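Below is a short note for a colleague who has not yet looked at this structure. The points cover how its parts meet and what lies inside.

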Amino acid sequence: MFETQMSDAHSRQKHDDEVLQWVQKQKNDLPTPLYLYSETVLNEAVATYRAFFPKNARGFYALKANPQPALVNHFASLGIGGEITGQAEWEFCLSAGLRPANILAGGVVKSLPFLEMLCQAGPAAIVIESEAEWARLKQAAHHAAQVRILLRINPGVSFGGLNMAGGSQFGLSNEQALAIAQECKAIPQIELLGLHFYFGSQRLEVAPIVQAVEVVEETIRTFRAAGVTIHVVDLGLGCGVPYLARDKALDEAALREQLQTHWQDPVWADIDIWFEAGRALVARSGYYIARVVDRKELHGETFVFLDGGLNVHNPGVGLGGFLRRNPQFRFITEHFVEREETINLVGNLCTTADTVGTNVAAPFLDEGDFVAIPNAGAYCQTTAMWGFNSQPLFYEGLLTCDGFFKSYLPQHELT
Ligand SMILES: Cc1ncc(COP(=O)(O)O)c(C=O)c1O
């Protein structure tokens, strides 16, 4: 029923139209606010991301983008493992049916009990973030049979987008990582698989992503020169998504071409490439759908109230960046008034910050109409202000390729 190949912006737009027509038909039966995920787009995103890498590359879905186990399970059915940041995401992966060997254990700070659990369970690898964490791992690995690790490298330089490299608190310097790699040689139960790189997120330009890969290549050479064998390199490219009306999508074809040229470099010979990605796999599949619950004219302005604003939806570009910047909107209305009006779209919280769109050109909207925000599958749910005003939270579900709706248990009810 829905298109399975979306090679360009035009066909993506066409798919959005199809999804929204479906929403319009089901309007009376759909619970809101709703995160609706398109299976067609999920499948397409995985295929696009895989094509950036060599054929045998191994992929991990970063649950921080959206920990919904049904999505994790869908990715697993496409051969993608899970990348987790702590105990809860580990359990979401297990409940989604992933085996420990297909889970990559990241996370900024891992406690001793968490590391002990991981050492017994046997994940694909544990990513070491600091010297103190390395010390805890050695303790945790005492009674383990075999523990595989990756060392997360922070190269001390930054590369645009939401930077998580130079100047950030993440990872190890080359010197720190080299010292750990040398020490590791003498600990038989800990196997150094290789290096981990994640330099930042929401990158909409090709250049900083390719530059980061060049830094990775430089780092591999440094480690080899120091006598450290690298079997695996795990890379998070941090590909971005056009959330805001003014954002321009990443040129995926250009990125694919440049990356495929890089993998031909002899530095990559004998290295298994792993990739981890959140936003790029799940963001485009998600449509945030809210119902209009009120409208008012006040001092010359029109306010249209939705049944969920900032408490359930943040476009995930960072709170500071979200407020008062408009995402793309789509409208589903039964009212046929020809003239557009300029409105402010607001939620139901007791703060003026709860503004979803400012000075938005929209058709006449009234109670019962729907407002949809595409590209809402990643970070929008998890970074929203869930507790504020104790308003009802959101529903979630999948629109299957053949046009059926599968309801999911909402994330806030998972734990
Ligand atoms: C270590 C690590 N890996 C993967 C991701 C997922 O990033 P993205 O959603 O940009 O793909 C993040 C995001 O913060 C991260 O910190």
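1. This is a predicted model. Where the two domains meet, 10 residues of domain 1 are in contact with 11 residues of domain 2. In the domain assignment, domain 1 covers 106–277 and domain 2 covers 284–413.

2. Together the two domains bury about 1,000 Å² between them, and 55% of that area is on carbon and sulfur atoms. On the domain 1 side, the residues that lose the most area to domain 2 are Pro242, Tyr243 and Leu244, which together account for 57% of what that side buries.

3. As for polar links, 3 residue pairs are in polar contact across the interface of domain 1 and domain 2. The count of salt bridges across that interface is 0. The C-alpha centres of the two domains are 36 Å apart.

4. The largest nonpolar core contains 105 residues. Phe53, Ile126, Leu137, Ile149, Leu151, Trp268 and Leu345 have the most contacts inside this core. Helix 8, residues 206–225, gives the most to it, namely 8 residues. Both domain 1 and domain 2 supply at least three residues each to this core.

5. Ile149 serves as an example from that core. Leaving aside residues up to four places away in sequence, Ile149 touches Ala125, Ile126, Ile128, Trp134, Leu137, Cys184, Ile190, Glu191, Leu192, Leu193 and Gly194. Two of these names, Ile126 and Leu137, also appear among the residues with the most contacts inside the core.

6. A second core, separate from the largest one, has 14 residues. Among them are Leu30, Val41, Ala372 and Leu399.

Definitions and conventions:
Residues are numbered from 1 along each chain as its sequence is written. This is a predicted model: local features need pLDDT of at least 70, side-chain atom pairs count only at pLDDT 80 or more; totals for chains, interfaces and linings use all residues. Side-chain values use heavy atoms; hydrogens and water are left out. A nonpolar core is a set of buried Ala, Val, Leu, Ile, Met, Phe, Trp, Tyr and Cys residues joined through side-chain atoms within 4.5 Å. Buried means under 20% relative accessible area, exposed over 50%, partly exposed in between (1.4 Å probe, protein chains only). Helices (H or I, at least four residues) and strands (E, at least two) are DSSP runs, numbered from the N terminus. Domain bounds come from an automatic or database domain assignment. Contact means heavy atoms within 4.5 Å. Buried area is the accessible area (1.4 Å probe) that two parts lose on being put together, summed over both. A salt bridge is a side-chain nitrogen of Lys or Arg within 4 Å of a carboxyl oxygen of Asp or Glu. A polar contact is a pair of N or O atoms within 3.5 Å; within protein, one must be able to donate a hydrogen and the other to accept it, and residues adjacent in sequence count only if both atoms are side-chain atoms.
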